[in-house]
Amino acid sequence: MNRKGYTSTNILAVCDFNMCFTFALIGWEGSAHDTRILVEALRNSSLKFPHAPEGKYYVVDSGYPTMKGFMGPYKSVRYHIPQFRMSRAFRSENEVFNYHHSSLRSVIERTFGVCKARWRILQNMPSYSPKVQFKIIWSCFAIHNYIRRMGSNDLEDLENLEDINKFQEGERGFEDDDGESSFVYSQPTHEDTQQIIIIRNTIRDQLSNGSTS
């Protein structure tokens with residue numbers, strides 16, 4: 001059961017800016033917290049989570065911790081793009097950062113939206129066994145990646161049929177790399193957390209200076 005009162009499958013997913021899934025972990029119950037699933041993906045080396053190179057970061061939402069390799073938004077200020085449409089003036093430097101962060105992170109919602117618009121079965125999964133359901137999801141993700149990488153430009157056609165943006169990612173696993181991961185998860189230290197906060201603040205200041213110049 002998820003928080004909305006019906007059964008669902010939780011999917012931890014990573015995508016690139018070409019809207020291809022680069023990792024997915026499928027099968028957690030809908031009630032599982034995002035952070036719990038991410039920590040399991042980091043701890044379990046057999047899952048081969050594709051860790052960000054030094055100096056690069058995953059753009060994550062506020063459901064995930066801000067830690068080394070993962071950069072979340074500032075909390076307690078506006079974040080979602082529709083909120084900025086109601087009043088475009090930024091109220092703080094943190095909002096400037098959140099606006100750009102949300103603009104970048106929207107690619108994951110758009111990727112899920114395209115998948116759900118393209119594969120109707122993901123919107124109303126038949127009552128197959130969980131094992132079969134997981135295979136269906138994997139297959140949809142794999143074919144989606146193939147279509148994207150073949151250069152298909154069918155997004156305009158899909159958008160004419162569906163409001164892709166109305167689909168939110170209610171799910172969150174799938175990796176393309178067959179290589180072994182040497183990463184061993186360790187609990188983030190206070191220093192690691194502080195370092196990513198300092199980097200986030202630096203990016204925020206640079207964006208704020210650029211928006212006022």
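This briefing looks at two acidic residues and two cysteines in the structure above. Keep in mind that the model is predicted. Glutamate 95 and aspartate 34 each sit in a helix, helix 3 for glutamate 95 and helix 1 for aspartate 34. As for the cysteines, a search of the whole structure turns up 0 disulfides.

**Glutamate 95**
- You can find glutamate 95 in helix 3, which covers residues 93-118.
- Glutamate 95 counts as buried because its relative accessibility is 3%, and the cut-off for buried is under 20%.
- The side chains of glutamate 95 and arginine 78 form a polar contact at 2.8 Å.
- Leaving aside residues up to four places away in sequence, glutamate 95 touches Val77, Arg78, Phe84, Ala89 and Phe90.

**Aspartate 34**
- Aspartate 34 belongs to helix 1, made up of residues 34-43.
- With a relative accessibility of 15%, aspartate 34 counts as buried.
- Try tracing the chain from isoleucine 11 to aspartate 34: they are 23 residues apart in sequence, and their C-alpha atoms are 9.0 Å apart in space.

**The cysteines**
- A disulfide is a covalent bond that joins the sulfur atoms of two cysteines.
- The structure-wide search finds 0 disulfides, and cysteine 115 is in none; its nearest cysteine sulfur belongs to cysteine 140, 6.6 Å away.
- Why is there no bond between cysteine 140 and cysteine 115? Their sulfurs are 6.6 Å apart, so they are too far for a bond; a disulfide needs the sulfur atoms within 2.5 Å.
- Cysteine 115 is buried, with a relative accessible area of 1%, and cysteine 140 counts as buried at 8% relative accessibility.

Definitions and conventions. Residues numbered from 1 in each chain as written. Predicted model: local features only at pLDDT ≥ 70, side-chain atom pairs only at ≥ 80, totals over all residues. Heavy atoms only, no water. Helix = DSSP H or I, 4+ residues; strand = E, 2+ residues; numbered from the N terminus. Buried < 20%, exposed > 50% of the residue type's maximum accessible area, 1.4 Å probe, protein only. Polar contact = N/O pair within 3.5 Å; in protein donor to acceptor, adjacent residues only side chain to side chain. Contact = heavy atoms within 4.5 Å.
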